[in-house]
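The report below describes a pair of chains, taking the overall build first and the local detail afterwards. It is meant to be read with the coordinates open.

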Amino acid sequence: MSLEVTREPESDPCEGNRRRFLSRLSILLGSIAGAVVAIPSLAFLLGLRKTPRIWRTVGKLEDFEIGSTVKVAFEDSSPLPWSGVTAQTAAWLRRVSQDQFIAFSVDCTHLGCPVRWLAGANLFMCPCHGGVYYADGTVASGPPPRPLRQYPVRVENGEVQILASPLPITT
Amino acid sequence: MQIVQRIWNWFDEVTGVSGWLIPLAKHPVPPARKSAWFYVLGSATLFVFIVQVVTGITLASAYVPSAGQAYHTLAFISSTRFGHIVRGIHAFGASAMVILIGVHAIRVYLFGAYKYPRQMGWLTGVALLFLVLGMAFTGQLLRWDQTGFWSVVVAAEQAGRTPFIGNWLGHFILAGDTVGGATLSRFFALHVFFIPALIFFFIGFHLYLVIRNGISEPPKVGNVVEPKTYRSWYKELLDREGVPFWPDAAWRDALFGLLVIATIVALAITIGPPVLGKPPDPSIIEASPRPEWYFLWYYAVLSLSPRWAENYIIILGPAILIVVLILLPLVAYKGERSPFKRPWAFGIVGFIVFMIAYFGSVGHVAPWSPRMNAPPLPVSVVGETSGPVADGARVFHDKGCEFCHKISGYGGIRGPDLTYAGDRMTPEQMETRIYSGAPNMPSYNNNITQQQLSDLLAFLSSRRRRPAAPVPLTAGTK
């Protein structure tokens, strides 16, 4: 089977002009159709959902011993309904004094693995590449480029609250 | 079977299938003779891909890509007898894809088959190589257990190292502020729809090119590729010596393909799919994510790079590799094809294979990872149950020393083995080291009491090959 290509009559510039116009028109219309579909799709894919910052209660003031560092878990701000267990975020919470707290993100600033608190050693240690942080979050040794990030934490009406925040990305 | 024949005749008349399908199947190919079995790798890769699509669709009929539910649907699939096997086929098939596409690429490179007129075949192949690696990565993630979950975080952190757009890119990968409901769906869409669509397209393009340009003849020393004359030379070769692809060459593809698939299925039935780890609960801190075996070499390369080079290697490494692979057929498109006249080709392939094997084995051991599950030293090693040495052994564990230092086989290998530290260092030297730390060791300056330090030094000093030297006699005594 063979396709026959219509030959333009060489001596008729009007035909050539018309065909050129029709080609461009077709391409333009197709591009508009494509753009009308692609733009909302890309905007949805590339846009990041803005979530409000919400204070989450992680316990009562008296639940936490002064000087001890414990793991707490709290729900992300406005999680999607099907997030299930992944809506949780963990933090290392230390009661520094009567009403002073520090909350550390568990994400190692090297590449994001969860760091573990070693109470006997007073250190945070990351299992992935051996990054170590002192109790105050500064880097003790290993590959982490910066100290452990902290979440804002407050005491409100006898409850300890952490501000659910984005996962810290080290740039 | 008159009726079948008539149905077929009707079908063929209105579609013209036999007019192109039969010539396609029987198109002439150069006789491969001694190199014949080298040519089965491309088709084997394609067959395994089809296996992945079939098992993937099967899995997708039960897998729910919801961040909260995915893990449970996988547990359900694994609990059924056949679901277990299908998961196994899919997992071993993934490893087979990575191996086969790598070996196929190496074969094509060594045969110089990227040269004229097959440069686009190589380029589409490079696209397929990276798409397959993308499938491998997103596939492991979809298991959505502890490792899968933390892999996303690590991927986002790596992407975060990109200049300027790093933060946005990291959160784009997470599909939000944190890992959550939107994250898994994104990777599901990538793994099941977007990347496979691209793979289908590139496979089609790749195969079209193979048919159009013809499969390369085995290279022969002296058969130099000269673009001006190659096509007519090749056509003349086919006219003279060509054999029909079906069945003269295709039978090897069929046999090898069957062997590969049978191996995958056998492994799936006997060994089974990867064990599902713990659920993707971000508050489970005892996690130690590791990539699958085919990425262990990359994991090791990154872990061993000096700190200052890390960002560059993460971002520039893959970029440079892609540029080199793209430039190859554009720069070296003519000339000698035989690997026996291209010693650099053998050298480069040997280097790559050795590096992947070496770094892969290092990545498996992961010496840079502290062994955080190391139990306290047993009495048989410590030698005492009470006193400073026994207390010091407890300090050695509680302060985290044992996670990085081995003593008599217990502990980590991130730092030096301290089994015989007492032979090597005086207590003063040990104390200096403990207080000052090192680039990969924390300083215990404000982190250890005098009592703990003294016990620890007693313990470490007792770590010797021979018993401690006897107390010297006072001067004058015989």
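## Build of chain B

In chain B, 76% of the contacts with a separation of 6 or more are between residues that lie 24 or more positions apart. This figure, like every other one in this report, is computed from a predicted model. Chain B holds 20 helices and 2 strands, and its radius of gyration of 30 Å is well over the 23 Å that the globule rule gives for 478 residues, so chain B is more spread out than a compact globule. The C-alpha trace of chain B spans about 115 × 55 × 50 Å along its principal axes, and buried residues make up 34% of the 478 residues in the chain.

## Domains

Both chains have an assignment into two domains, and the table sets out the bounds together with the separation of the domain centres, taken over C-alpha atoms.

| Chain | Domain 1 | Domain 2 | Distance between centres |
|---|---|---|---|
| Chain A | residues 10-47 | residues 54-164 | 54 Å |
| Chain B | residues 28-281 + 289-365 | residues 379-461 | 46 Å |

Domain 1 of chain B is thus assigned in two segments, 28-281 and 289-365, whereas domain 2 of chain A is given as the single range 54-164.

## A residue in helix 19 of chain B

B:Arg433 belongs to helix 19 of chain B, which covers residues 427-436. How far is B:Arg433 from B:Pro23 in sequence and in space? The two residues are 410 residues apart in sequence, and their C-alpha atoms are 77 Å apart in space. B:Arg433 has 17 C-beta neighbours inside 10 Å and therefore counts as partly exposed, since a residue is buried if 20 or more other C-beta atoms lie within that distance and exposed if 12 or fewer do.

## Contact between the chains

The contact between the two chains takes 54 residues from chain B and 45 residues from chain A. On the side of chain B that touches chain A, the elements that give two or more residues are helix 7 (146-159), helix 8 (166-174), helix 9 (181-213) and helix 17 (401-404) of chain B. By class, this side of chain B has 24 nonpolar, 22 polar and 8 charged residues.

## Sheets of chain A

Four strands of chain A form an open sheet in the order 2-3-4-9, with antiparallel pairing. Strand 2 (69-75) and strand 9 (150-151) of chain A stand at the edges of this sheet with a single partner strand each, so that one side of each is left without a neighbour in the sheet. The antiparallel pairing of strand 2 of chain A with strand 3 of chain A, residues 88-95, runs over 7 bridges, and A:Thr69 has A:Arg94 in strand 3 of chain A as a bridge partner.

Another open sheet of chain A has 3 strands in the order 1-11-10, and here too the pairing is antiparallel. Which strands are at its edges? Strand 1 (54-60) and strand 10 (153-156) of chain A are the edge strands, and each of them pairs on one side only. On average, and with direction ignored, neighbouring strands of this sheet are turned by 35° against each other. Strand 10 of chain A is joined by 4 bridges to strand 11 of chain A, residues 159-164, and the two run antiparallel; within strand 11 of chain A, A:Val160 is the residue opposite A:Val155.

Note on methods:
Residues are numbered from 1 along each chain as its sequence is written. Chains are lettered from A and ligands numbered from 1 in the order in which they are written. This is a predicted model: local features need pLDDT of at least 70, side-chain atom pairs count only at pLDDT 80 or more; totals for chains, interfaces and linings use all residues. Two strands pair if DSSP finds at least two bridges between them. Domain bounds come from an automatic or database domain assignment. Two residues are in contact if their C-beta atoms, placed from the backbone, lie within 7 Å. Ala, Val, Leu, Ile, Met, Phe, Trp, Tyr, Cys and Pro count as nonpolar, Asp, Glu, Lys and Arg as charged, and the others, Gly among them, as polar. The radius of gyration is taken over C-alpha atoms; the globule rule is 2.2 Å times the number of residues to the power 0.38. Axes are lines fitted to C-alpha atoms, for helices over the stretch in contact, and angles run from 0 to 180 degrees between N-to-C directions.
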